[in-house]
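Biologist: I have the sequence and the model on my screen, and I don't know where to look. Pick one part, please, and walk me through the close-up, explaining the terms as you go.

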Amino acid sequence: MARPQRVYEAWKGNNKFLFGGRLIFGPDAKSLILSVSLIVVPVLVFCAFVARHLRHHFPDYNAGYAIPAVALVFMIYVLVLLLITSAQDPGIVPRAAHPPEEEFSYGNALSGGTPGRLQFPRVKEVMVNGMLVKVKYCDTCMIYRPPRCSHCSICNNCVERFDHHCPWVGQCIGQRNYRYFFMFVSSSTLLCIYVFAMSALYIKFLMDEGYPTVWKAFKHSPASLGLLIYCFIALWFVGGLTGFHLYLISTNQTTYENFRYRSDSRPNIYNQGCLSNFLEVFCSKTKPSKHKFRAYAQEEVRPPTVSFGREVEEEPVGGPRSKVEDDLEIGSDLLKISQRRNYEDVDVEMGGRRSNDVEGVASAKLVTGSESYIPAVGSDVRVRHSSWDRRSGNWDMSSDVLTRSASDVIERSVFATEAAHPSQAETH
C-alpha cells in the first residue's frame with residue numbers, strides 16, 4: 001500500500017521544501033547563496049584586516065574588541081532575518097479544488113457567448129472600508145483573490161497583501177513576512193554604514209600615524225579601500241530600498257500597488273494615518289499560515305459533472321420475464337395510441353412517470369418504468385435526434401407506423417417468452 005502524501009509532497013506551486021516541509025522557499029532559493037556571500041564575505045574581511053588593527057586604538061577596558069564583536073553579531077542578526085524572510089509562508093492563499101459553483105453561468109448565443117460553455121465573471125466587487133474594491137478571478141488557483149492579493153508567476157501562488165517577489169531572498173514578500181523583509185533590508189543598511197564608518201576611521205588613524213596622504217593610507221590597507229567602495233555601492237541599493245519601503249509603510253501601500261496604480265488618482269482606502277500604518281506593520285500579530293505542510297494531503301473531491309446537453313443513462317436490463325412483461329405492456333400501449341384520432345402530434349416526455357401513456361422515446365429506445373430499453377422495430381419508424389426534441393418537444397408518427405410497431409413488439413415478446421420457457425410452451 002502506497003504511503004499517503006503530505007501536503008508539501010503534493011504541492012502544486014513552484015516552491016521548494018526542506019526538512020520535511022518545515023521550511024518553504026521559492027523556486028529561486030539558490031540565490032540565497034549569493035545573498036549570504038554578499039553579507040558574510042565583507043564582514044569577515046573587515047574583522048580580519050580592519051577591526052583587528054583598530055583594537056589598539058581603544059585600549060581602555062579593551063573596548064577595541066567590541067568593534068569586531070559588533071560586526072559579527074550584526075552579521076548573524078541579518079542572516080537570521082534573511083532566513084526568516086525566505087523560509088516561511090509569505091501568506092499563500094489555499095487553492096480551490098474546482099471553480100466556485102455559485103458563480104457558474106452558461107454562455108448564451110444572444111449575448112455573443114458560446115452556448116453551453118461555463119463562464120465566470122472575471123471581476124467582482126467587494127466592500128472594503130466603506131468603498132467598493134474590484135477583485136479578480138484567478139484561473140490557476142480557481143478563487144477570487146482577496147483584496148490586495150495577487151498571483152506570483154514565479155512561485156505560482158496567490159499571496160495575500162502581495163508586495164513583490166524578491167530574487168535576493170528567493171521568496172515572495174507578502175503579508176506574513178513583509179515585516180521581517182523590511183527589518184532585513186534596514187539592518188543590512190545599518191551594517192553597511194557601520195563597516196563603512198569603521199573602515200574610514202582606520203584610514204584616518206593611518207594618516208595620523210605616518211601616512212600623510214589618503215593614497216598612501218589606501219596602499220597600506222587595500223582592504224579598507226575595497227570595503228569603502230563596496231559599502232558605498234551597497235548603500236545605494238539597500239539604503240534606497242529602506243527609504244522606499246519607509247514611504248510605503250507610512251502610506252500603507254505595497255510595491256505592487258505603488259507601481260501599478262501610480263498614475264491613477266484613486267484614493268488609498270487602506271491608509272489609516274502614518275502612526276497607525278507603522279503599528280499595523282510592526283506591532284500587529286502575524287497571522288497563522290493557512291497551510292499545514294506536514295499534514296497528510298486529503299484526496300481532492302471532484303466536482304459534479306456538468307451536463308451541457310440532455311443525456312440518457314443506460315442501466316442494466318432486468319431478467320427475461322420482466323423484459324417480456326414490459327414488452328407486452330408497451331405493445332398494448334402503442335395499440336391504444338394508434339386508435340386515437342389525433343395521432344399526428346404525440347407529445348413524448350423524456351423520463352416521465354410510468355402512469356403516462358408513453359414513458360419516453362429517445363435514440364430509438366423506449367424507456368419503461370423498469371428502466372429497460374426496447375428498440376422500435378420497423379423501417380418506417382423515424383426518431384428525431386435529441387437536438388430536435390429540445391426544440392419542438394414532440395415527434396410525428398403516422399397511425400400505420402404505430403400499429404406496425406406495436407404488432408412487431410408483441411410478436412417479439414411472444415418469441416422471447418417461448419425462448420425463455422420452452423418447457424411451458426410444449427405443455428400448452
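Modeller: Let's warm up with R161, which you'll find in the loop between β9 (157-159) and β10 (164-166). Strands here are DSSP runs of E with at least two residues, helices are runs of H or I with at least four, and both are numbered from the N terminus. This is a predicted model, where local features need pLDDT of at least 70, side-chain atom pairs count only at pLDDT 80 or more, and totals for chains, interfaces and linings use all residues. Residues are numbered from 1 along each chain as its sequence is written, and side-chain values use heavy atoms, leaving out hydrogens and water.

So what's up with R161? Its phi is positive, about 45°, although R161 is not a glycine. Most residues other than glycine have a negative phi. N156 does the same trick: not a glycine either, but with a positive phi of about 65°. You'll spot N156 in the loop between β8 (150-152) and β9.

Now for the part I'd really zoom in on: helix α2, residues 66-86. Start with its contact with helix α1, residues 31-54. The axes of α1 and α2 come within 9 Å and cross at roughly 175°. (An axis is a line fitted to C-alpha atoms, for helices over the stretch in contact, and angles run from 0 to 180 degrees between N-to-C directions.) The two helices are therefore roughly antiparallel, the label for angles over 145 degrees.

Who touches whom, counting heavy atoms within 4.5 Å as contact? On the α1 side, the residues include L32, V36, I39, V43 and F46. Over on α2, look for I67, P68, A71, L72 and M75, among others. By class, this contact of α1 with α2 has 17 nonpolar residues, two polar and no charged. (Nonpolar covers Ala, Val, Leu, Ile, Met, Phe, Trp, Tyr, Cys and Pro; charged covers Asp, Glu, Lys and Arg; the others, Gly among them, are polar.)

Then swing around to helix α3, residues 178-208, which packs with α2 at an angle of about 160°, their axes 9 Å apart. That makes α2 roughly antiparallel to α3. In α2, the residues that meet α3 include A66, V70, F74, Y77 and L81. Their partners in α3 include Y180, F181, F184, L191 and M198. The residues of this contact of α2 with α3 split into 19 nonpolar, three polar and no charged. I67, A71, M75, V78 and L82 of α2 are among the residues that turn up in both contacts.

For contrast, hop to helix α5 (residues 222-251) and helix α7 (residues 274-282), whose axes come within 7 Å and cross at roughly 110°. That makes α5 roughly perpendicular to α7, a label for angles of 65 to 115 degrees. L246, I249, S250 and T251 of α5 make this contact with C274, N277, F278, V281 and F282 of α7. Here the tally is six nonpolar, three polar and no charged residues.

Key
Angles under 35 degrees count as roughly parallel, over 145 as roughly antiparallel, 65 to 115 as roughly perpendicular and the rest as oblique. Contact means heavy atoms within 4.5 Å.
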